[in-house]
Amino acid sequence: MSDTTATTPTPPDTSAPAPRPTATRVHGNHPHAVVLPEPLSYRMKRKVLGPALTTDQLEHERLGIPTAVAVFSSDCISSSAYATEEILRVLIGAVGVFAFSLVVPITIAMVIVLFFLILSYRETIKEYPTAGGAYMVTRDNFGLIPAQVAGVALLTDYILTVAVSVAAGTAALVSLVPSLGSYSVIICLFFIALIAGGNLKGVKESGLIFAIPTYFFIAMGLLLLGVGFWKMGTGHLGHLYNLSKSWPKGSSPHGVGTVTAFAYGAGLYAILHAFASGGAAVTGVEAISNGVTAFRKPEWKNARKALMIMGVTLGTLFLGLSVLATRVHPVPFAEGTPTVISQIGQGVFGGKNALYGALQIATLFILVLAANTSFADFPRLASFHAGDNFMPKQLTKRGHRLVFSNGILALAICAAVLVVATGAKVDRLIPLYAIGVFTSFTLSQSGMAKHHYTRKEPGWRSGIFVNGFGAFLSLIVDLIIAYTKFTHGAWVIIVLVPIMVFGLTRLNRQYESEAAELEDEARAAAAAPILRRHVVLVAVDKLDNSAARAIQYARTLVPDELRAIHAAVDSRASDELAQEWSRLGLSRVPLDIVDCSDRRVARSIAEAVAEELADNETEVTVLVPQRKYRRFWHTLLHDNTSERVAEALSTLPHANVTFVPYHLAGKRPDPSRPHTMLEH
Amino acid sequence: MTFGRRLRRRTSGVGTLWPDTTEALTEPTHDTKAIEDAPSRVPVLIGGKIKSVRVQPLAGVPTLKATISDDTGQVTIVFLGRRHVAGIETGRKILCEGVIGEQMGRRHMLNPAYRLL
């Protein structure tokens, strides 16, 4: 087995310079203490992200119910900011003004779905209080492959949550300040970068950052509803746009009943399509079940309470906004702004006043926070996948600030691509949305039903009913979404998820076979008898200080045979080397000059090594001097033959490469320093 | 044979390192043996290319070793008592006459009579 090891012998300059503040001094009292300077990249990282967190700081603080509601429900509650708009957008396109008579029934249907989902998730929280989430539930009950489907579906939806939330938040901002309209993509990217940066820094799940915007939005939403209903009751709430004259005679829309609307051509398809678009409202319900461990004790009871609060809040806001929409008659614009919620705000608060501004700001904040929820969930879910060998292992690595940095970056990049591709338009993102969430709802709820059935713990019958019905309902909604939004963009997800799952299973097979090969009889291999002979070859290009270091290092080894090897590319240079070598006082180290008339140095050395290996009882070590340049661009000035030698040897069994670094200090050599063996 | 396999065989890199060597050295004028077939302990004439030359440092026993290789195998020629022999350089083609001996699986020819080509 060939492997590549790197040794780091002490640098030639042992008179250590004064330690820089950013360097670690190992064994500080020793006169020749080694100074380990921190690389520039790390120093930059520390400037930007703050000092590294130690692993024992991982334990996160426990959250009380009010804070937990703020932390986990921003994603879910924020959906109310755009759900009504998306329902209206579909309906108005299909049936015109009669949309306003259908929006409330559709919202009620969605709230019913929400109600059953909440009931189902109450069960999940109780049964999986440690590691909840669709991935774990599905994996436990159906196995790894269905879990991949649930996980991938959720991951795509987390990406979409970021894109949709940021786009909707930007839309809220643009509604307030219309002149920003042409910069919406850039604003979105800025928000994504901001959130990703904050998460890389490790924004604590601690209260205030979340609590203020969330409760601010809830307060503004309730205020909007309160004022709106009061005005409705007193008959002061009128249409925002005075367009009634252009409507067909005798069809004042809010006087039209649902039945009449059907008569005007609201086909079942349009209604289902609108319902599917409204499905965006319930995304984020799963957030609490993912984070039960973050609650104060008793975790699952508190999490259940928080879930109820979240559900009631979302239901109230969603339904209330839809009801107000029937009065205000907001119009979803093709450009996405001004948003429906902002138009309702305008209608209710009576123009673009301070309250309206506050509503817009609150919307912006909660939507940005909603994106942040995904940044907490996506990396964790991805790390579950990776932990089960279904995603690149890098996703399990916690970074500088103890967060899953790679997952955060992956999410930010995917979301940014989506935002750019759709031009930051919420209505173009919505068709992709929700299908993944409902797929994972279906899987995890049926997983829960199976869990009840197999465990048969007290109350399992009602558990099966609740989760089974939740699964059934999710499946129906999922099918409706897939059917009605297929041509609008849902096909992307429907095509993408199976491809991704296929890709992940391939990845898994690769990981599994690697692991199997690596672990197969490892202990026996470690104790197996070693090869009889050890040959050390020092690759020498010319007799310079870097070669001298390698030779010096080689002389500390005790192999059966020690030789230097030089590939003769230029016969004059190799003649010169041969002459210099024959004058050296190194009786133990002869120099082999090997033919290299095809100028492939690495190949020539590999052939020489292969010759040594031919007897099948020889272990060969090739020492490769490696010049370490001080600056990145210095490296570019040289070819990296040393790397190529290592690469050429990597396929030979029992050929090993050791790099012997020589650090160029960037100063003229000091003739009084006798650190080389080049005495003449 | 599939196309892929044929391509792999074509490009596998297994084969002659110096395809012209044999041709040049097995002309009737030189009565050389292929190194693989050259018997040990009897005088033989072999020919090949100098693949490597070993330089001993000053303190070592003065010896010059060079490896001669043709398509079929290789032999190390050893010049005892010499540090340098003019013309014994990598890449040169050479004819050597001498007796091949074996030592630890490696074949040597001590102080051969040689002719550089």
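In this predicted model, a convenient place to enter the structure is Lys49(B), which forms a salt bridge with Asp595(A), the closest N and O atoms being 3.9 Å apart. That separation counts because the rule accepts a side-chain nitrogen of Lys or Arg within 4 Å of a carboxyl oxygen of Asp or Glu. Across the interface of chain B and chain A, the rule finds three salt bridges, and the count of residue pairs in polar contact between the two chains, with both residues at pLDDT 80 or more, is seven. On the side of chain B that touches chain A, strand 1 (residues 43-55) gives the most, with seven residues, and by class that side comprises eight nonpolar, six polar and five charged residues.

Taking the interface as a whole, 19 residues of chain B are in contact with 24 residues of chain A. The area buried between the chains is about 1,600 Å², with carbon and sulfur atoms giving 47% of it. Of the area that chain B buries against chain A, 32% is supplied by Arg54(B), Val55(B) and Pro57(B), more than by any other three residues.

From the interface we can turn to the nonpolar interior. The largest nonpolar core has 140 residues, and those with the most contacts inside it are Ile192(A), Ile288(A), Phe375(A) and Phe438(A). Helix 6 of chain A (residues 144-176) gives the most to this core, contributing 15 residues. Leaving aside residues up to four places away in sequence, Ile192(A) touches Val162(A) and Val166(A), together with Phe375(A), Ala412(A), Ala415(A), Ala416(A) and Val419(A). In soluble globular proteins, nonpolar side chains tend to be buried together.

Methods
Residues numbered from 1 in each chain as written. Chains lettered and ligands numbered in written order. Predicted model: local features only at pLDDT ≥ 70, side-chain atom pairs only at ≥ 80, totals over all residues. Heavy atoms only, no water. Core = buried A, V, L, I, M, F, W, Y, C linked by side-chain atoms within 4.5 Å. Buried < 20%, exposed > 50% of the residue type's maximum accessible area, 1.4 Å probe, protein only. Helix = DSSP H or I, 4+ residues; strand = E, 2+ residues; numbered from the N terminus. Contact = heavy atoms within 4.5 Å. Buried area = accessible area lost by both parts, 1.4 Å probe. Polar contact = N/O pair within 3.5 Å; in protein donor to acceptor, adjacent residues only side chain to side chain. Nonpolar A, V, L, I, M, F, W, Y, C, P; charged D, E, K, R; others polar.
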